[in-house]
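Trainee: I've got a structure open and I'm a bit lost. Can you show me how to read it, one feature at a time?

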Amino acid sequence: MTTPTTTNVAQGDAHVDVQAGVVHGDINFYRVPPNPSPEEQFAFALKYLDARVRDQARELIEKAVAGGYVTTEVQFYRLIALLSGRTLRQLASEELDRLTAICASLANLDDHDEWAAGLKVIIRLLAPVSTAETDFVVKEIDALNRRQRDGIYGHLEALLEGAMQEEIWRKSVALADSQRTAKDRFNRVWKFFHPTPAQPRTLPVQPAAVALRDWLRAGAGAAVFTLAVVQMIVLATAHGTLDPFLGLLAALIGLAAFCVGGADRYYRGTRLRAKEAQIRPPRQRRRDAPPGGFARKVDRLFDRYFRRYVPEGTDRGYWLDQTAGIRRHLRDEVVELYREQRIEAERVAWLVRHLVGDVRGQWERDTLTAYRQQLRTPARTKALHVGGLALLAAGSLWAVSAVVTSAPLSGTGWFLLAVVSAVPAVRSSFRIVAERRRVADDHAERKDKDTARWAAYHRWCHKLSDKPSDTEMATWLESDRKVLVDQAMQQYRLRPSQVIAHAFIEAPAPSCKKARYPQGPWRYSRYRLLLFLLTDDGVRQVNIDLDFETAASHTTQRLNYRFDAVAAVRIDGIASRQQTFELTLFNGEPISIRVSDPDNGTLQHDENPTKIAELSLDAAGLSHTLHVLEGVAAEGKEWVKHRRDRADEKLASLASAIRGLLD
């Protein structure tokens with residue numbers, strides 16, 4: 001056997017950058033209630049078993065049995081959990097004793113019980129199966145219901161030897177190959193890593209902000225103007241003719257028309273300037289937000305989606321340049337809406353996409369600046385404004401000439417007082433009216449925004465509604481792993497019966513996404529896998545990068561080494577819940593890879609960080625892998641022989657119990 005020089009497969013990758021984890025806190029799939037009944041413990045054990053968290057499943061099943069819940073279904077899954085992924089010789093001494101005790105308790109099984117049929121098949125698999133019996137046993141398995149059949153093919157493929165092992169492995173790989181793409185995996189798996197979207201928000205409308213001086217000017221000016229007009233009417237009465245009254249009436253009508261038209265024109269102008277400010281490119285570059293903060297992440301989201309959602313037929317550079325102002329305005333709005341709520345930026349990514357998509361849609365419909373047309377001063381307003389001013393001027397000259405003629409000094413004074421009081425009062429009234437209209441229009445716009453955002457939110461929630469369950473994720477991952485083991489055995493031209501044991505080290509790949517259910521193990525969007533195949537000649541190691549979202553994989557390295565080349569195996573960082581696996585060879589540098597990271601800020605109120613770390617490592621099969629590799633490191637090639645010798649005595653008593661059941 002060739003033994004190439006080994007290298008550190010984790011060089012430069014010992015630190016694994018993992019994106020902030022998503023915890024689906026609204027799902028109680030793994031939350032065992034306080035003081036659970038044995039039936040509830042068994043139900044949750046099945047969930048953990050489906051998730052390949054075998055140690056936790058075994059523990060809960062044993063608690064259910066200790067609580068008095070013992071049925072043929074419980075015993076079936078009790079055996080499945082105990083034997084899952086292991087050969088009989090890989091069981092510890094106490095586990096072999098438990099297996100023997102379980103088998104001894106299964107006498108007098110009811111032939112009409114469907115779970116009893118499954119138990120009998122497992123018991124038959126525990127005894128040596130000759131080549132002639134292989135087809136008969138396979139037919140027995142295929143005759144079981146689907147749950148039992150999938151349980152046997154999915155968990156017990158490593159249990160057998162010889163021709164039976166070859167056949168069961170072939171069936172198991174075929175099942176895995178069909179399951180790894182089942183249930184629309186490639187269109188759904190990304191949703192598991194997507195956080196629960198944050199509900200839409202809109203900025204509250206700023207209340208009318210009118211300065212006190214404007215209220216004073218408008219009120220005082222109106223009062224003084226009224227007084228001056230009354231005095232002018234008194235003076236006009238002394239004149240004795242109707243002309244001054246007609247002039248004053250014309251002037252007042254002109255003033256009213258001027259105010260109506262002027263107020264509308266003033267509001268349209270201020271509203272237009274405010275709208276233009278929202279899309280105007282910034283004059284100077286904004287200072288970058290602090291790295292790693294919410295604002296910086298929102299910046300990246302807007303940059304990403306504005307670069308991605310370029311209108312058809314538009315140059316990307318031109319699009320980005322022309323929308324720089326609105327991009328800044330929308331970014332500031334989102335940051336203002338969600339910054340203080342401790343919301344992860346990915347939870348508002350749907351809103352950013354909606355906003356960017358809306359801008360692109362307006363660009364393509366040429367309605368991005370439609371407000372300019374809407375706020376253009378209409379002819380009616382211009383007519384009121386200009387015509388009112390002309391009528392005011394003509395009426396004033398007509399009335400004032402008569403008033404001044406009858407009382408030159410007082411008439412001139414009251415006229416000047418009316419003009420001086422009217423000018424600031426009209427200007428302030430324009431600002432008051434504009435502010436009130438601004439509030440009304442802002443409320444209407446906010447209502448439209450709110451309606452559109454809630455519609456987009458519901459569309460996105462509907463898209464995420466078929467998010468895969470953790471059980472589906474576990475099934476897909478286990479299927480990937482089984483197919484990868486089969487591919488590795490084909491590469492090395494090994495038959496299943498030539499592999500003493502296989503084991504995985506499963507670690508998150510750099511920059512992957514991760515998510516989990518409360519009380520459940522972490523799942524990753526990309527994995528770095530170390531596969532170990534133990535044969536009589538030594539260890540075959542295959543290092544694989546797996547993109548879980550696409551099921552694409554590629555081998556990064558293949559190593560062969562003898563059993564006695566393994567110097568040490570260890571796990572560092574158990575106390576910090578940041579475990580690193582390290583395998584040291586006598587003739588090479590350590591093989592080191594980080595297999596877990598601490599749960600920074602992702603734990604729910606009722607979760608224990610150590611327990612979560614243990615669940616994740618259990619799901620990754622680390623304890624099984626360590627058991628195998630530590631035995632190899634301690635005893636070398638003799639580990640295989642000693643392991644068999646130590647188990648033979650226990651297996652002899654087990655075989656006796658099995659023969660009694662089969663007879």
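Mentor: Sure! Let's start with a word we'll need a lot: a residue is buried if its relative accessible area is under 20%, and exposed if it is over 50%. Keep in mind that this is a predicted model.

Trainee: Okay, let me try that on a strand. How many residues of strand 5 are buried?

Mentor: 9 of its 10 residues are, so by that under-20% cut-off strand 5 (residues 526-535) is mostly covered.

Trainee: And how do strands hold on to each other?

Mentor: Strands of a sheet pair through backbone hydrogen bonds, and they can run parallel or antiparallel. Here, strand 5 is joined to strand 2 (residues 499-508) by 9 bridges, and the two run antiparallel. Look for Phe504, which sits opposite Leu531 of strand 5.

Trainee: Which way does strand 5 pair with strand 6, parallel or antiparallel?

Mentor: Antiparallel, over 10 bridges, with strand 6 covering residues 538-547. One facing pair to find is Leu534 and Val539, the latter in strand 6. Strands 5 and 6 make a hairpin, with 2 residues between them.

Trainee: What is the strand order in the open sheet of 3 strands?

Mentor: The order is 1-3-4, and the pairing is mixed. Strand 1 (22-23) and strand 4 (523-524) are at the edges with a single partner strand each, so one side of each has no neighbour in the sheet. Strand 3 (residues 514-516) runs antiparallel to strand 4, with 2 bridges joining them. In that pairing, Ala515 has Arg523 of strand 4 as its bridge partner.

Trainee: Where does Gln519 lie?

Mentor: In the loop between strand 3 and strand 4. Its phi is near 70°, a positive value in a residue other than glycine. Gln519 counts as buried because its relative accessible area is 15%.

Trainee: Is there another residue like that to look at?

Mentor: Try Asn35, whose phi is near 50°, again positive in a residue other than glycine. You'll find Asn35 in the loop between strand 1 and helix 1 (38-50). Is it buried or exposed? Asn35 is exposed, because its relative accessibility is 75%.

Trainee: Let's do helices. What's the general idea?

Mentor: An α-helix has 3.6 residues a turn, so residues three or four places apart point the same way. Take helix 21 (residues 622-635): its 14 residues reach 20 Å from first C-alpha to last, close to the 20 Å expected. Among its buried residues are Leu622, Leu626, Leu629 and Val632.

Trainee: What does Thr471 touch outside its sequence neighbours?

Mentor: Leaving aside neighbours within four places in sequence, Thr471 is in contact with Phe29 and Asp50. Thr471 belongs to helix 19 (residues 470-491). Thr471 is also buried, because its relative accessible area is 18%.

Trainee: Last one: how do people find pockets?

Mentor: Rolling a probe the size of a water molecule over the atoms shows where empty space is left. In this model, the largest pocket has a volume of about 1600 Å³. Its lining has 47 residues, with Arg271, Lys275, Gln278, Glu445 and Lys449 nearest the centre.

Trainee: Which helix gives the largest share of that lining?

Mentor: Helix 18, with 13 residues. Other helices supplying at least two lining residues each include helix 11 (243-279) and helix 14 (324-338). By type, the lining divides into 20 nonpolar, 9 polar and 18 charged residues.

Methods:
Residues are numbered from 1 along each chain as its sequence is written. This is a predicted model: local features need pLDDT of at least 70, side-chain atom pairs count only at pLDDT 80 or more; totals for chains, interfaces and linings use all residues. Side-chain values use heavy atoms; hydrogens and water are left out. Helices (H or I, at least four residues) and strands (E, at least two) are DSSP runs, numbered from the N terminus. Buried means under 20% relative accessible area, exposed over 50%, partly exposed in between (1.4 Å probe, protein chains only). Contact means heavy atoms within 4.5 Å. The expected span of a helix is 1.5 Å times one less than its number of residues. Two strands pair if DSSP finds at least two bridges between them. On a 1 Å grid over the protein atoms alone, a cavity is a set of points where a 1.4 Å probe fits but cannot get out, and a pocket is an open set with protein on both sides within 12 Å along at least five of seven lines; lining residues have an atom within 4 Å of a point. Grid points are joined across faces, edges and corners, and a volume is the space filled by probe spheres set on the points. Ala, Val, Leu, Ile, Met, Phe, Trp, Tyr, Cys and Pro count as nonpolar, Asp, Glu, Lys and Arg as charged, and the others, Gly among them, as polar.
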